[in-house]
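Thanks for making the time this morning. I would like to walk you through one structure, beginning with a single side chain and working outwards from there, so please have the model open while I talk.

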Amino acid sequence: MSQWHLHTRRTSYALSLTADASGAVSDYWGPALAVGEDPAPWAEPDRFVGYAADADAQPLEYASDGQRHTAFSELLIDRGNSRTGARWMLHGEPRWRSDSSGDELELAFRDETGTLELVLGYRSSREHDVIRRWTRIANHGSDTVTLPRAFSAAWNAPVGQRVRVDYLAGSWAREFQERSAQVHWGTFSIGSRQGVTGMSFSPVVRVSALPDEDDVAARSGTDVYGVALDWSGSWRLQGESAAVGSHARVSVGVDDDVTTVTLLPGEEFRTPDSLGVHAASAIELPSRWHEFQQGLARERGRRTQPIVYNSWMATTFDVDIAQQLELARRAAAIGVETFVLDDGWFRGRTSDRAGLGGWQPDPAKFPHGLGELADGVEALGMRFGLWVEPECVNPDSDLFRAHPDWVYRAEGRPLLTIRNQYVLDLGREEVVLWVMATLRDLLSSAPIGYLKWDMNRPVTDGGRPGDPHGRQWSVQHTRNYYRVMDMLRAEFPDLIVEACASGGARIDNAVLQRSDVVWTSDQVGPRDRLVIQHGFLSAYPSWTMSSWVAEDDGHRDREAASLGYRFAVAMCGVLGIGLDLSRTSDADLEECRRRVEAYRGIRDVILDGDVRTHGTPHRGLYTVEYTAGTRSVLFVFDRDRDRVRDRDAARVFPAGLCPHTRYAVQDGFGHATELQITAEEAAVRGVPVAFSWAPDADVLILDAIER
Ligand code: DGJ
């Protein structure tokens, strides 16, 4: 019997065929196996299972109906005429490739008619611990086959039957809120049917064991498993803990609620990739994701994300050349590196009720085109950036009047507006070509070095009447969105792309691979923002997390935060400024300039370092720690401290320092303090916080001086 071992940087994953070669089962997923160490096949059920077929109880790597009968299946097959499901048999030689960079496996199966092919794909890398998995289903027969569900993978996490699932939930202006669910026997399900990743849930979970009530000593390990979907369209993730077995099953893929995949004769469907990672503890898991995401970022990406000024919050739709040039002058004076003109710049765009779809500058606002502003911004030593929303159209626009058939619709049902707009059917070839041509023209019309791509509504009534693949609209839309993003990378390699969807409604690993930064949320109230960033950093990296210093207070604040606090929050990622600089006093402008300069001095540690969070941003002392080599930077937030009760100095306990090493401590502005401390002292006694940066926040810089 063959067993395949995929090795990552620190972990191993083993699988083998079932005894009758009708499927593959998970044998092992955890810390690295030694060479020659073959885990025993995970022969479940380890106790008698009645009233079920074997396949229902085995930890199958992937299952279909017809193969499983009582348990959940990742693949549903319908050939019409009541013929559903399939029974599989290994077909041909498994494809195995292994070298110093990683391992790759493809296992092919055929169904009982020999006309349907199922391929399970796996890839590991020695650079990180994330394993990629995908599935291909091909119709070699002469009849159409439909797939009401075609998930990417099932991950069997060996954490027992009582499971904790940690996930990120949210809504507009409160994305990435950490939540957790306990699953004993039953299922847990999250997803999006919105045509985009969505704000309701992020396609990533952390699974770990809950203490076993019957046998408390049984699961003392801290191992956690992360599962994600590499996908920006509609999706679903299900976690299941079943009656038998010692694993939790996480199944994930394209949404099976409103999506049906159709395979005409000769067609195949390749699922999006699913990503799985093991970490020895929950604290390590974020770094494991970030390590993988380094490979997605463009080489120049992480270190040089510019400090952006975005005028949206200052001017909303009411923009013009003189006012934007004045803002640009002030932005340059405080050290901003890229000036972004947001919504409102194009013809007819006086509010969100009109104009979307016509991407020429409004002649009343920019009589000499965008070039005048772009040149002015460049003359001030900054890059010029521009906002677009290419997937949407207002009913009141020339584009919609010319092409009313280009938007999603359910035949004759009246169209629904959200934010006064429709979504273009990007699945149509003529629409995606139009979007590409429009962006090419725009980017060639002026020196635009930064593009903020927004998307401000979910798809409703998705579909395309008359198209046999119409129920796959979300898959087609998403793949064509990737085509356009890939075109931007190929044809405009120096362009920096910021991905945005009303804030964080389209953030996932596939978007991180195709953009440079993401706009995490429209929430800029600093304490609300900190909660959002805390959740974001648990699965996504700091070098993509754009964050602005702005005036809003948010929902959590009973009293306004200091400017220093606002800066400290935004400095935890890619610093941006959204203040109305035309109203900022000279003293505040100088304060901004000093803090922007301070950020520039530590940005490489923030964007390149390992991140650890301490405490919870909901209350008390909360710290975000970045470590790169011998330097650590700590952001300390302390708005709720009861200074009467807690008379002692606040202390933080960095966890990323090099052992047996003495550190010198600087304040956030890079001024030396008296304090020197060893890693061990810091871990035991803590580093006292002087709050010299601001009364409610501090920045500490620790540099190793001797071992
Ligand atoms: C939503 C974005 O999140 C905002 O930053 C801004 O770009 C507006 N759209 C513009 O309409």
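Let me start at D78, whose side chain reaches the backbone nitrogen of G80 at a distance of 2.8 Å. Before going further I should say that this is a predicted model, and every value I quote is computed from it. D78 sits in strand β4, and with a relative accessible area of 29% it is partly exposed. If we set aside the neighbours within four places in sequence, the residues in contact with D78 are R83, T84, V145, T146 and P148. There is also a long-range relation to point out, in that D78 and T262 are separated by 184 residues in sequence, yet their C-alpha atoms are 9.6 Å apart in space.

Staying in this part of the chain, S82 belongs to the loop between β4, residues 75–78, and β5, residues 88–90. Its phi is near 70°, which is a positive value in a residue other than glycine. Most residues other than glycine have a negative phi, and that is the reason I picked this one out. Is S82 buried or exposed? At 72% relative accessibility S82 counts as exposed, because the threshold for that label is over 50%.

A173 makes a useful companion, since its phi is near 65°, again a positive value in a residue other than glycine. A173 lies in the loop between β11, residues 163–169, and β12, residues 177–183. Here, however, the relative accessible area is 9%, so A173 is buried, the limit being under 20%.

A further loop residue is S232, between β15, residues 224–229, and β16, residues 235–241. S232 is buried, with a relative accessible area of 1%. What does the side chain of S232 make a polar contact with? The partner is the side chain of D508, at 3.0 Å. Leaving out neighbours within four places in sequence, the contacts of S232 include G195, V196 and T197, as well as T478, Y482 and R506.

Now let me step back to the whole chain, which has 13 helices and 38 strands. For 707 residues, a compact globule would have a radius of gyration near 27 Å, and the protein chain has 27 Å, so the two agree. Along the principal axes, the C-alpha atoms fill a box of roughly 75 × 70 × 45 Å. Of the 707 residues, 61% count as buried, and among contacts between residues at least 6 apart in sequence, 69% join residues at least 24 apart. The accessible surface comes to about 26800 Å², with 49% of that belonging to carbon and sulfur atoms.

Turning to the interior, nonpolar side chains in soluble globular proteins tend to be buried together. In this model the largest nonpolar core has 186 residues, and those with the most contacts inside it are W345, L488, F635 and F637. Helix α12, residues 586–608, gives the most to this core, with 9 residues. To look at one of those well-connected residues, F637 touches, among others, L530, Y565, A568, V569 and C572, not counting residues up to four places away in sequence. A second, separate core has 16 residues, including Y663, V665, A679 and L702.

One helix deserves a word for how covered it is, namely α2, residues 285–294, in which 9 of the 10 residues are buried. Those buried residues include W289 and F292, but also R288, H290 and E291, so please do not read the helix as purely nonpolar in its covered part.

Finally, the ligand, which is surrounded by 13 residues, the closest being D342, D343, K452, D454 and D522. Which distances do we find between polar side-chain atoms and oxygen atoms of the ligand? For D522, a polar side-chain atom lies 2.4 Å from a ligand oxygen, while for W519 the corresponding distance is 3.4 Å. W387 also takes part, with an N or O atom of its side chain 3.1 Å from an oxygen atom of the ligand. On its own the ligand has 300 Å² of accessible area, and the protein covers 98% of it.

Methods:
Residues numbered from 1 in each chain as written. Predicted model: local features only at pLDDT ≥ 70, side-chain atom pairs only at ≥ 80, totals over all residues. Heavy atoms only, no water. Helix = DSSP H or I, 4+ residues; strand = E, 2+ residues; numbered from the N terminus. Buried < 20%, exposed > 50% of the residue type's maximum accessible area, 1.4 Å probe, protein only. Polar contact = N/O pair within 3.5 Å; in protein donor to acceptor, adjacent residues only side chain to side chain. Contact = heavy atoms within 4.5 Å. Core = buried A, V, L, I, M, F, W, Y, C linked by side-chain atoms within 4.5 Å. Rg over C-alpha atoms; globule rule 2.2 N^0.38 Å. Areas by Shrake-Rupley, 256 points an atom, 1.4 Å probe, with all protein chains shown as cover. Near = heavy atom within 4 Å.
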